[in-house]
Amino acid sequence: MMAINGNAGLNGRAGTEVARIDRESVAHEVGAAIVHELNGPLTALLLYLGDLYQSSDRFPVGDCDGLSLKEVAENALREAERVCALMRRLGDSFEAPLREQTAFAQGREMIRWWSRAGHADNEAANAQEVLAHQIWLTARESEVLRLIREGCSNKEGGVRLQISHRTFESHRARLMRKYGAKNVADLLRLAAQDHEGSDCHRSAAAVRGRTARPRRSGGSPRCES
Amino acid sequence: MDASGQHARIETPDQVRPVLRVLVVDDDESVGAAIQAILSRRNCRTELASGAYAGIQALASSRFDVVLVDLFMTGMSGIDAIAHIRQQFEISIIAMSGFRLRSSLDPIDYFGTAMQRGASMCIRKPFSPRQLIEAIDLSVAASPLVGVALQ
């Protein structure tokens with residue numbers, strides 16, 4: 001989805017080929033995002049069932065002919081472990097041909113996309129909690145980003161940096177991938193957010209420096225179970 | 001509260017060790033709740049934070065012996081959070097994740113990166129109660145700071 005934008009300049013045939021690879025990689029990432037989403041509920045399930053099983057010695061022994069509750073707990077745990085093993089294999093089968101930095105940005109973007117698709121109410125939480133993403137840019141990428149922000153076209157940018165417009169374009173495409181941006185407006189928005197996030201991050205660190213005293217809080221509202 | 005009476009009757013060897021204060025940072029609330037339920041019977045006091053920023057705030061306002069951080073959260077990622085926590089706090093950090101992207105061309109090792117940024121150990125989701133307890137015990141035992149933290 002996001003990477004397709006970088007291909008506008010390609011001719012038809014090569015473009016189609018790249019688009020196909022992009023579709024595959026997106027399908028891959030969606031798959032990986034689904035596997036990621038499954039991790040949570042499965043982790044919770046395994047923990048609860050493991051706990052039930054460990055406590056199952058104290059279950060009352062029923063007088064029915066079928067399985068005892070202890071056996072039921074044991075079977076439930078075994079089935080959950082089977083599902084988890086399958087999930088691990090599924091997770092292992094996903095390969096993403098991405099560079100590390102891009103993978104961080106895109107992985108995050110896909111997860112965000114998936115959670116948005118999954119539960120609409122996450123949107124607000126996402127907006128609230130956009131913090132230090134710390135997407136690392138090379139010196140050249142920062143310059144390119146600055147020029148894009150100033151409204152430079154690929155040609156103008158290339159001239160300003162004394163590189164070919166093709167090279168400028170490829171820097172731009174890499175920036176889009178790093179931020180998981182769909183278009184230039186999106187890129188500028190995400191980059192600005194990222195920048196703000198970094199500031200936030202630093203000020204949080206500064207605040208922390210001043211409040212080093214250990215204070216016992218009453219605990220979070222959900223603390224006592 | 002009234003639940004503590006219920007927990008007290010469950011005898012486990014873990015109960016000999018002092019109360020551990022555990023912070024779970026995970027944007028999936030069901031994971032946090034399950035970990036809390038498991039740990040409540042193992043002499044741990046668990047608090048939950050639904051994101052990196054909330055977790056860092058919790059660490060700044062009270063003392064914990066160990067923090068479990070999910071690597072992939074919306075907002076600040078767990079990797080960034082771990083780097084930040086390591087810089088600011090002396091605490092055992094356990095990275096949790098099941099999400100894994102691999103490539104033969106350019107292998108990405110999220111757990112390796114987490115360790116590099118300061119995680120004490122990593123635990124792969126999904127995990128069993130036993131693996132969870134072991135991870136916590138190991139990371140706490142390995143930390144020279146715990147003696148201080150537990151008084």
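In chain B, strand β1 is joined to strand β3 (residues 66-70) by 4 bridges, and the two strands run parallel; here helices (H or I, at least four residues) and strands (E, at least two) are DSSP runs, numbered from the N terminus. Within this pairing, V22(B) stands opposite V66(B) in β3(B). The model is a predicted one, in which local features need pLDDT of at least 70 and side-chain atom pairs count only at pLDDT 80 or more, whereas totals for chains, interfaces and linings use all residues. Residues are numbered from 1 along each chain as its sequence is written, while chains are lettered from A and ligands numbered from 1 in the order in which they are written.

Strand β1(B) also has a partner in strand β2 (residues 44-49) of chain B, to which 6 bridges join it, again with the strands running parallel. One of the residues concerned is V24(B), whose bridge partner in β2(B) is L48(B). Between these two strands the chain passes through helix α2 (residues 29-40) of chain B, and this β-α-β crossover is right-handed, a term used if, with the strands pointing away from the viewer, the path from the first strand over the helix to the second runs clockwise.

How many residues of β1(B) are buried? In this strand (residues 20-25), 6 of the 6 residues are buried, so the strand is largely enclosed by the rest of the structure; a residue counts as buried if 20 or more other C-beta atoms lie within 10 Å of its own, with C-beta atoms placed from the backbone. L20(B), V22(B) and V24(B) cover one side, and R21(B), L23(B) and V25(B) the other.

The wider picture is an open sheet of 5 strands in chain B, with the order β2-β1-β3-β4-β5 and parallel pairing, where two strands pair if DSSP finds at least two bridges between them. At its edges lie β2 and β5 (121-124) of chain B, each of which pairs on one side only. Neighbouring strands of the sheet are turned by 20 degrees against each other on average, direction ignored. Further along, β3(B) pairs with strand β4 (residues 92-97) of chain B in the parallel sense over 5 bridges, and V69(B) stands opposite A95(B) in β4(B).

Helix α2(B) packs on this sheet, touching β1, β2 and β3 of chain B, and its direction makes about 170 degrees with that of β2(B). Helix α3 (residues 52-61) of chain B lies across β1, β2 and β3 of chain B as well, running at about 160 degrees to β1(B). Such angles run from 0 to 180 degrees between N-to-C directions, and the axes are lines fitted to C-alpha atoms, for helices over the stretch in contact.

Chain A offers a view of two helices packed together. In helix α5 (residues 139-149) of chain A, V144(A), L145(A), L147(A) and I148(A) are buried. Seen down the axis of α5(A), its buried residues fall within an arc of 165 degrees, so they line one face of the helix; the arc is that of the directions from the helix axis to the C-beta atoms. Helix α5(A) packs against helix α7 (residues 165-179) of chain A at an angle of about 95 degrees, with their axes 10 Å apart. The two helices are therefore roughly perpendicular to each other, a description that covers angles of 65 to 115 degrees.

Key:
Buried ≥ 20, exposed ≤ 12 C-beta atoms within 10 Å, placed from the backbone. Contact = placed C-beta atoms within 7 Å. Parallel < 35°, antiparallel > 145°, perpendicular 65-115°, else oblique.
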